[in-house]
Amino acid sequence: MPSLLRIAGLNTYYGPLQVLKGVSLHVDEGEIVTLLGANGAGKTTALNSICGLVPPRSGTIEYDGRDVTRARPESIVGRGLTQVPEGRQIFGELSVRDNLTMGAYLRLRRGEKREVAADMARMLEMFPILGERINKRAGTLSGGQQQMLAIGRALMSRPRMLLLDEPSMGLAPLIVKDILQAVAALRENDGTTVLLVEQNAAASLKIADRGYVIETGRIVLEGSSTELMRDREVRRAYLGKDYDEI
Ligand SMILES: Nc1ncnc2c1ncn2[C@@H]1O[C@H](COP(=O)(O)OP(=O)(O)OP(=O)(O)O)[C@@H](O)[C@H]1O
Ligand SMILES: [Mg+2]
């Protein structure tokens with residue numbers, strides 16, 4: 001079976017600064033794959049390259065069997081590949097409802113009003129707290145609720161594949177667990193494919209099937225979640241445990 005997303009040999013720059021150095025990875029349909037790395041390793045740059053926001057200078061990005069290396073961000077979202085950006089980036093002055101509606105912008109433009117309304121109802125079942133706050137300004141929500149809103153907004157575009165950029169950032173462990181369980185449930189119930197960028201390896205490896213480790217723009221390790229959890233270097237660098245404890 002061909003992969004849903006396959007990137008090969010990506011070299012991405014900001015001006016003269018090369019951030020991605022030959023990054024290759026793939027995500028099969030229905031998989032949850034995590035991309036682990038420390039601050040500044042190039043995780044967000046990888047997602048922004050995939051989404052067309054920071055196109056690579058060389059290398060290829062294939063999604064759903066097509067070359068989308070030079071595709072515009074809007075056309076990539078239109079094909080069902082949606083990013084939940086780092087730091088949520090919700091519209092704090094707008095209501096929760098309006099934030100969710102923005103996620104369905106392309107669908108509303110295509111006239112899918114009824115389907116969008118049905119998805120809004122489903123979203124509020126998935127995250128009931130958003131329903132309780134539906135008319136409140138999004139800026140008044142807690143960090144965890146804002147992350148749910150950011151995911152909910154992305155889901156309103158009906159993605160076949162979600163790119164999640166550090167959803168656990170700044171959240172208490174119990175909230176992280178809730179949010180990642182919601183992501184796992186999405187894959188279970190809807191078959192949504194997920195690429196999950198995280199520094200929190202302990203949390204992300206629990207729901208991921210496989211993972212990659214990126215260091216200063218290069219993939220240095222890949223394997224099943226079980227393999228990565230057992231890996232000495234992963235344990236030392238990302239799980240905060242000395243390998244002697246294994
Ligand atoms: N817009 C930009 N212009 C110039 N350099 C940038 C820009 N964005 C990121 N960088 C640099 O590129 C490198 C990779 O950054 P990136 O944001 O991809 O890392 P990251 O793995 O997502 O880190 P974090 O975990 O902190 O989010 C860093 O050295 C960063 O300073
Ligand atoms: Mg980042």
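In the predicted model, Thr-44 is partly exposed, with a relative accessible area of 25%. Glu-86 is likewise partly exposed, at 31%. These two residues coordinate the magnesium ion (ligand 2) through OG1 of Thr-44 and OE of Glu-86, at 1.9 Å. Thr-44 belongs to helix α1 (residues 43–50), whereas Glu-86 is placed in the loop between β6 (81–84) and α3 (96–103); the pair therefore ties together parts that lie 42 residues apart in sequence.

Helix α1 is mostly covered, with seven of its eight residues buried. The buried positions are Lys-43, Thr-45, Ala-46, Leu-47, Asn-48, Ser-49 and Ile-50. Thr-44, the magnesium ligand from this helix, is partly exposed because its relative accessible area of 25% falls between the limits of 20% for buried and 50% for exposed residues. Just after α1, Gly-52 adopts a positive phi of about 85 degrees.

Helix α1 also contributes to the surroundings of ligand 1. Of the 14 residues around this ligand, those that come nearest are Gly-40, Lys-43, Thr-45, Glu-86 and Glu-166. Glu-86 thus appears both in this group and in the coordination of the magnesium ion. The largest share of the shell, three residues, is drawn from α1, and β2 (17–27) and α1 each supply at least two residues. By residue class, the shell comprises five nonpolar, six polar and three charged residues.

Several polar contacts to oxygen atoms of ligand 1 involve the backbone. A backbone N or O atom of Gly-40 is placed 2.7 Å from an oxygen atom of the ligand, and a backbone N or O atom of Ala-41 lies 3.2 Å from an oxygen atom of ligand 1. A side-chain contact is made by Glu-166, in which an N or O atom is 2.7 Å from an oxygen atom of ligand 1. On its own, ligand 1 has 630 Å² of accessible area, of which the protein covers 60%.

At the level of the whole chain, the protein contains eleven helices and ten strands. Its radius of gyration is 18 Å, close to the 18 Å given by the globule rule for 246 residues, so the chain is as compact as a globular protein of that length. The C-alpha trace spans about 50 × 40 × 35 Å along its principal axes. Of the 246 residues of the protein chain, 50% count as buried.

Terms used
Residues numbered from 1 in each chain as written. Chains lettered and ligands numbered in written order. Predicted model: local features only at pLDDT ≥ 70, side-chain atom pairs only at ≥ 80, totals over all residues. Heavy atoms only, no water. Donors = N, O, S within 2.8 Å, 3.2 Å for Na, K, Ca; no water. Helix = DSSP H or I, 4+ residues; strand = E, 2+ residues; numbered from the N terminus. Buried < 20%, exposed > 50% of the residue type's maximum accessible area, 1.4 Å probe, protein only. Near = heavy atom within 4 Å. Polar contact = N/O pair within 3.5 Å; in protein donor to acceptor, adjacent residues only side chain to side chain. Areas by Shrake-Rupley, 256 points an atom, 1.4 Å probe, with all protein chains shown as cover. Nonpolar A, V, L, I, M, F, W, Y, C, P; charged D, E, K, R; others polar. Rg over C-alpha atoms; globule rule 2.2 N^0.38 Å.
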